[in-house]
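Work through the exercises below with the sequence and the coordinates side by side, and try each task before reading its solution.

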Amino acid sequence: MTNECGRTPVSGTPEDESSAPVDFNRLSVIEERLTTGNRFSHIKTQPEFAPDRLVCVYDSRWYPPSVQTARLEIIWFENGDFSLHYHETHEDGAFDHRWDRHPSGHNTRDHIHPGPNAPTPGDDTSHPEDWRDVLSTVLTEIETRQRGFWNE
Amino acid sequence: MEDPDQDLKATDGERSTAPDFDALVSPEELVRGNRTRDDFLDAVLGLDSPATIDEIANHADHGRDAAKEYLEWFDRMGIVTRVTDSPVTYERNQEYLIWRQVQQLREQYTTDDLLEFLQTETEQDEIYRETFDAESPETVSISAHAADTDRSIESVWDALSAWKTTRRRITLLERALASAPDGTTDRHAAA
């Protein structure tokens, strides 16, 4: 049982453990939208004919030289579950942050794994219902971090 | 999300070339696309049950007149199906979405490409059947399998989702191949 946004109800019901195939239609819409604008240098898909994730590589102009690469990996499923993984590489390490909605042995369906190493278990949270709100919230949080590199 | 560590921040010299974040399209605008059509497409593709014109206008954040016009157009395109007349309700045409994906596969790849993809996905399906010791992902319980194999809920969920994705790809590829015209000559092979 899912609501109009395709979100499975939370709580300890059997539905809480459901899984679903990757939503190729949604990934294709997201790819089309994110290709416009200047945030990303390119978006990779694998396999190309029906991708299981979008790898969105941020343009290096948004970072000082201390950051070698930064990308956002986007996976969305037909039941509304998702995993969005932000990853930065630095000369001496990396920074990771994940926004997740999926069954878990240690968290509610909605949770985050905060940086620097996106540890398990993460923090319980509540993500927006609409996929567009989830995605724009995530992009905004990343932009806030990007701006932070340039502040004193 | 955390702020960057101090040692990663731009140096005084680098700061003079700071990028202009304010020139970016806002995330809200970016994910919504820039056309009214995108708003209505998102609204109808998100429907799981029949909805009235007013409900769809509300989802799309546009007026009723625009909703009526777009829904009539989507109905002609086969994207939505009109369910009832009083009140008028529409639902998403799931068959259309599948048909569109199959058409895209047919347009972008040769029959030989599609056969190769199908071979890869079928082999992957066989691996999942052995891994889960099951004929279909529908029969696997995430928690039971996690307990039996001493794996985490997340890793079993991840693998089971991937298996379902493989199954979905096989369905799409089989349909694309079934709709291939007989005696198609592969354009790479012919070259």
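The exercises that follow concern a predicted model, and each task is followed by a solution in steps.

**Exercise 1. The two folds**

Task: Determine how many helices and strands chain A has, and establish what pattern chain A follows along the sequence.

Solution: Begin with the count, which gives two helices and seven strands for chain A. Next, put these elements in sequence order, and the pattern of chain A reads α-β-β-β-β-β-β-β-α. Then turn to burial and contacts: of the 152 residues of chain A, 56% count as buried, while 36% of the contacts between residues at least 6 apart in sequence join residues at least 24 apart. Finally, the accessible surface of chain A comes to about 6,300 Å², with 47% of it belonging to carbon and sulfur atoms.

**Exercise 2. The spread of chain B**

Task: Describe the secondary structure of chain B, and explain how its radius of gyration stands against the globule rule.

Solution: First, chain B comes to ten helices and three strands, and along the sequence these follow the pattern α-α-α-β-α-α-β-β-α-α-α-α-α. Second, the radius of gyration of chain B is 24 Å, whereas the globule rule gives 16 Å for 191 residues, so chain B is more spread out than a compact globule. Third, along the principal axes the C-alpha atoms of chain B fill a box of roughly 60 × 55 × 50 Å. Fourth, 40% of the 191 residues of chain B count as buried, and about 11,000 Å² of chain B is exposed, of which carbon and sulfur atoms supply 45%. As a last step, consider the contacts of chain B with a separation of 6 or more, where residues 24 or more positions apart account for 57%.

**Exercise 3. Buried residues that touch the other chain**

Task: For A:Val29, A:Ser136 and B:Thr165, decide whether each is buried or exposed, and list what each one touches.

Solution: Take A:Val29 to begin with, which has its place in helix α1 of chain A. Its relative accessible area is 14%, and because buried means under 20%, A:Val29 is buried. Setting aside residues up to four places away in sequence, A:Val29 touches A:Trp131 and B:Asp42; its C-alpha atom, on the other hand, is separated by 34 Å from that of A:Glu91, 62 residues apart along the chain.

Continue with A:Ser136, which lies in helix α2 of chain A, residues 131-148. This serine is buried at a relative accessible area of 5%, and, neighbours within four places in sequence being left aside, A:Ser136 is in contact with B:Pro27, B:Glu28 and B:Val31.

Finish with B:Thr165 in helix α9 of chain B, a residue that is buried with a relative accessible area of 2%. Again not counting residues up to four places away in sequence, B:Thr165 touches A:Pro21, A:Val22 and A:Phe24.

**Exercise 4. Backbone details in the loops**

Task: Find where A:Pro47 and B:Pro87 are placed, and state what phi is for B:Asp133 and B:Asp150.

Solution: Start with the prolines. A:Pro47 has its place in the loop between β1 (40-45) and β2 (54-58) of chain A, and the peptide bond that joins A:Gln46 to A:Pro47 is cis, with omega about -15 degrees. B:Pro87 is in the loop between β2 (80-85) and β3 (88-92) of chain B, where the bond from B:Ser86 to B:Pro87 is cis with omega near 0 degrees.

Proceed to the aspartates. B:Asp133, found in the loop between α7 (111-132) and α8 (142-149) of chain B, has a positive phi near 50 degrees although it is not a glycine, and B:Asp133 is exposed at a relative accessible area of 70%. B:Asp150 is found in the loop between α8 and α9 (153-178) of chain B; its phi is positive at about 60 degrees, and at 73% relative accessibility B:Asp150 counts as exposed.

**Exercise 5. The second largest pocket**

Task: Establish how much space lies in the second largest pocket, and which residues are closest to its centre.

Solution: The first step is the volume, about 330 Å³ for the second largest pocket. Of the 17 residues lining it, A:Ser28, A:Glu48, A:Phe49, A:Pro51 and B:Gln104 are the closest to the centre. At the level of elements, α1 (24-35) of chain A and α6 (94-108) of chain B each supply at least two residues of the lining. By class, the lining has eight nonpolar, six polar and three charged residues.

Conventions
Residues numbered from 1 in each chain as written. Chains lettered and ligands numbered in written order. Predicted model: local features only at pLDDT ≥ 70, side-chain atom pairs only at ≥ 80, totals over all residues. Heavy atoms only, no water. 1 Å grid on protein atoms, 1.4 Å probe; cavity = no way out; pocket = protein on both sides within 12 Å on 5 of 7 lines; lining within 4 Å. Points joined across faces, edges and corners; volume = space filled by probe spheres on them. Helix = DSSP H or I, 4+ residues; strand = E, 2+ residues; numbered from the N terminus. Nonpolar A, V, L, I, M, F, W, Y, C, P; charged D, E, K, R; others polar. Rg over C-alpha atoms; globule rule 2.2 N^0.38 Å. Buried < 20%, exposed > 50% of the residue type's maximum accessible area, 1.4 Å probe, protein only. Contact = heavy atoms within 4.5 Å. Areas by Shrake-Rupley, 256 points an atom, 1.4 Å probe, with all protein chains shown as cover.
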